[in-house]
Amino acid sequence: MSPVTITLLVITVVLIIGIVVLYFLGKRAQKKQDEQQAQIEAMKQRVSMLIIDKKRMKIKDSGLPQAVIQQTPRLLRGSKLPIVKAKVGPQIMTLVSDEKIYDMIPTKKEVKATVSGIYITDVKGLHGKPLPVPQKKKGFFKRAVEKAQEKAGAKPIK
């Protein structure tokens with residue numbers, strides 16, 4: 001056998017082993033995520049709250065309880081999370097928002113939210129109506145292109 005075929009066989013075997021390992025690790029991670037989601041569903045409550053402020057900040061700077069910070073893995077302590085500061089009843093709390101609904105949360109408004117511990121999973125308007133999804137701002141380049149097309153009389157590209 002030539003050295004090229006031997007090298008290709010070794011690379012293929014290593015890739016196959018890598019794919020199999022990743023498959024089983026993915027299955028294990030999916031099981032853990034399903035268990036955590038079941039716990040969140042079991043603990044969720046509907047709460048009326050006044051949103052004071054929302055930011056993306058690191059866990060150690062967020063103002064979350066020290067027990068929560070210690071329980072997070074070391075690699076995630078430096079990552080930024082969507083943090084919401086809200087007044088729930090007479091108490092001001094720091095909560096972590098779900099990434100999917102973070103943009104929908106209005107500031108300085110009262111909303112009804114589904115909360116599981118310190119984790120906000122869903123937000124609706126005060127009377128149970130869904131909140132409108134805010135439009136993303138256009139970047140400088142897209143605005144400049146649209147203005148140029150308007151002046152030229154062409155239809156804007158979307």
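A salt bridge is a side-chain nitrogen of Lys or Arg within 4 Å of a carboxyl oxygen of Asp or Glu. The views below come from a predicted model.

**View 1. Glu99 and Arg56 form a salt bridge.** The closest N and O atoms of this pair are 2.5 Å apart. That is within the 4 Å cut-off, so the pair counts as a salt bridge. Glu99 sits in the loop between β3 and β4 (110-116), and Arg56 sits in strand β1, so the contact ties together parts that are 43 residues apart in sequence. Glu99 is partly exposed, at 44% relative accessibility. Arg56 is partly exposed too, with a relative accessible area of 38%. Side chains of opposite charge can pair when their charged atoms come close. The structure holds five salt bridges, and two others follow in Views 2 and 3.

**View 2. Asp122 meets Arg46.** Their side chains form a salt bridge, with N to O at 4.0 Å. The partners come from distant parts of the chain. Asp122 belongs to strand β5, while Arg46 belongs to strand β1 (residues 45-58). They are 76 residues apart. How accessible is Asp122? Its relative accessible area is 27%, so Asp122 counts as partly exposed. Arg46 is also partly exposed, at 42% relative accessibility.

**View 3. Lys55 pairs with Asp53, and Lys80 joins the scene.** The side chains of Lys55 and Asp53 meet in a salt bridge of 3.8 Å, N to O. Lys55 is partly exposed, with 43% relative accessibility. Asp53 is partly exposed as well, at 30%. Now look at Lys80, which is found in strand β2. Lys80 and Lys55 are 25 residues apart along the chain, and their C-alpha atoms are separated by 9.3 Å. Is Lys80 buried or exposed? Lys80 counts as exposed, because its relative accessibility is 58% and the exposed class begins over 50%.

**View 4. The largest pocket.** Its volume is about 990 Å³. Which residues lie closest to the centre of this pocket? Of the 27 lining residues, they are Gln36, Ile40, Val96, Ser116 and Tyr119. Four elements give two or more residues to the lining: α1, β2 (80-88), β3 (91-97) and β5 (119-124). Helix α1 gives the largest share, with seven residues. The lining is a mixture: twelve residues are nonpolar, ten are polar and five are charged. Rolling a probe the size of a water molecule over the atoms shows where empty space is left.

**View 5. A nonpolar patch on the surface.** Met1, Ile6, Leu9, Val10 and Val14 make this patch. It covers about 520 Å². Pick out Val10 as an example. Val10 lies in helix α1, which spans residues 3-43. Val10 is partly exposed, with a relative accessible area of 49%. Why can Val10 belong to a patch? Patch residues need over 30% relative accessible area, and Val10 has 49%, so Val10 passes that cut-off.

**View 6. Lys108 and its positive phi.** Lys108 is not a glycine, although its phi is positive, at about 60°. Where does Lys108 lie? Lys108 is in the loop between β3 and β4. Glu99, seen in View 1, lies in that loop too. Lys108 counts as exposed, with 64% relative accessibility.

Terms used
Residues numbered from 1 in each chain as written. Predicted model: local features only at pLDDT ≥ 70, side-chain atom pairs only at ≥ 80, totals over all residues. Heavy atoms only, no water. Patch = residues over 30% accessible without salt bridge, like charges linked within 9 Å, V, L, I, M, F, W, Y side chains within 5 Å. Areas by Shrake-Rupley, 256 points an atom, 1.4 Å probe, with all protein chains shown as cover. Buried < 20%, exposed > 50% of the residue type's maximum accessible area, 1.4 Å probe, protein only. 1 Å grid on protein atoms, 1.4 Å probe; cavity = no way out; pocket = protein on both sides within 12 Å on 5 of 7 lines; lining within 4 Å. Points joined across faces, edges and corners; volume = space filled by probe spheres on them. Nonpolar A, V, L, I, M, F, W, Y, C, P; charged D, E, K, R; others polar.
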